[in-house]
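Hi there,

Here is the structure I promised to pass on to you. Please open it next to this email and follow along as you read.

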Amino acid sequence: MVYLDETGFDQYLYRTHGRALKGDIIKGFVSGKRFRRTSLVAGLIHRKILISPFQYEGTMDSVLFEYCFTNHLVPELPQNSIIVMDNARFHRKSQLKEILSKTGHRLLLLPPYSPN
């Protein structure tokens with residue numbers, strides 16, 4: 001079994017809340033600029049991360065995910081793997097199942113909201 005997911009890292013982090021003595025004002029600066037987002041797709045297999053890590057700038061879409069899936073993940077999978085992944089909107093299930101139909105691997109999708 002291979003668990004596949006994606007995540008993102010913003011390069012500008014700031015605190016939205018603070019703590020002060022009663023009556024004191026907390027002052028801070030939050031820039032209105034958009035900063036880069038670095039994202040990563042990777043698989044977890046046998047409790048060892050990272051099978052086929054794929055790093056990119058920006059956010060994920062269907063075309064990029066299918067490229068990563070086809071060219072980075074599938075070639076590294078052990079025979080007859082089951083790929084477990086979430087039901088993100090950009091995961092075009094029919095496309096992914098078609099890609100896997102030629103390989104002997106299977107796709108197992110988690111329920112629509114599954115935080116565990």
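Below is what turned up, going from the overall layout to a few single residues.

Please keep in mind that this is a predicted model.

**Overall layout**

The chain holds 2 helices and 5 strands. If you walk along the sequence, you will meet them in the pattern β-β-β-α-β-α-β. Of the 116 residues, 30% count as buried. Now look at the contacts between residues with a separation of 6 or more: 59% of these join residues 24 or more positions apart. On the outside, the chain exposes about 9,000 Å², and carbon and sulfur atoms supply 53% of that area.

**The core**

Next, try finding the largest nonpolar core, which has 21 residues. The residues with the most contacts inside this core are Leu4, Val41, Phe65, Phe69, Leu73, Ile83 and Met85. At least two core residues come from each of these elements: strands E1 (2-10), E2 (37-45), E3 (48-57) and E4 (82-85), and helices H1 (62-73) and H2 (93-101). Helix H1 gives the most, with 4 residues.

Leu4 is a good place to zoom in. Which residues does Leu4 contact, leaving aside its neighbours within four places in sequence? They are Val41, Ala42, Gly43, Phe65, Phe69, Leu73, Ile83, Val84 and Met85.

**A loop residue**

Then have a look at Met60, which sits in the loop between E3 and H1. Is Met60 buried or exposed? Met60 counts as buried, because its relative accessibility is 13% and the cut-off for buried is under 20%. Not counting residues up to four places away in sequence, Met60 touches Val41, Phe65 and Phe90. You can also compare two kinds of distance here: Met60 and His91 are 31 residues apart in sequence, while their C-alpha atoms are 9.8 Å apart in space.

**A patch on the surface**

Finally, turn to the surface. Met1, Tyr3, Leu44 and Leu108 make a nonpolar patch of about 360 Å². One of them, Leu108, belongs to strand E5, which covers residues 106-109. Leu108 has a relative accessible area of 41%, so this residue is partly exposed; that label applies between 20% and 50%.

Enjoy exploring, and write back with any questions.

Best wishes

Notes
Residues numbered from 1 in each chain as written. Predicted model: local features only at pLDDT ≥ 70, side-chain atom pairs only at ≥ 80, totals over all residues. Heavy atoms only, no water. Core = buried A, V, L, I, M, F, W, Y, C linked by side-chain atoms within 4.5 Å. Buried < 20%, exposed > 50% of the residue type's maximum accessible area, 1.4 Å probe, protein only. Contact = heavy atoms within 4.5 Å. Areas by Shrake-Rupley, 256 points an atom, 1.4 Å probe, with all protein chains shown as cover. Patch = residues over 30% accessible without salt bridge, like charges linked within 9 Å, V, L, I, M, F, W, Y side chains within 5 Å. Salt bridge = Lys/Arg side-chain N within 4 Å of Asp/Glu carboxyl O.
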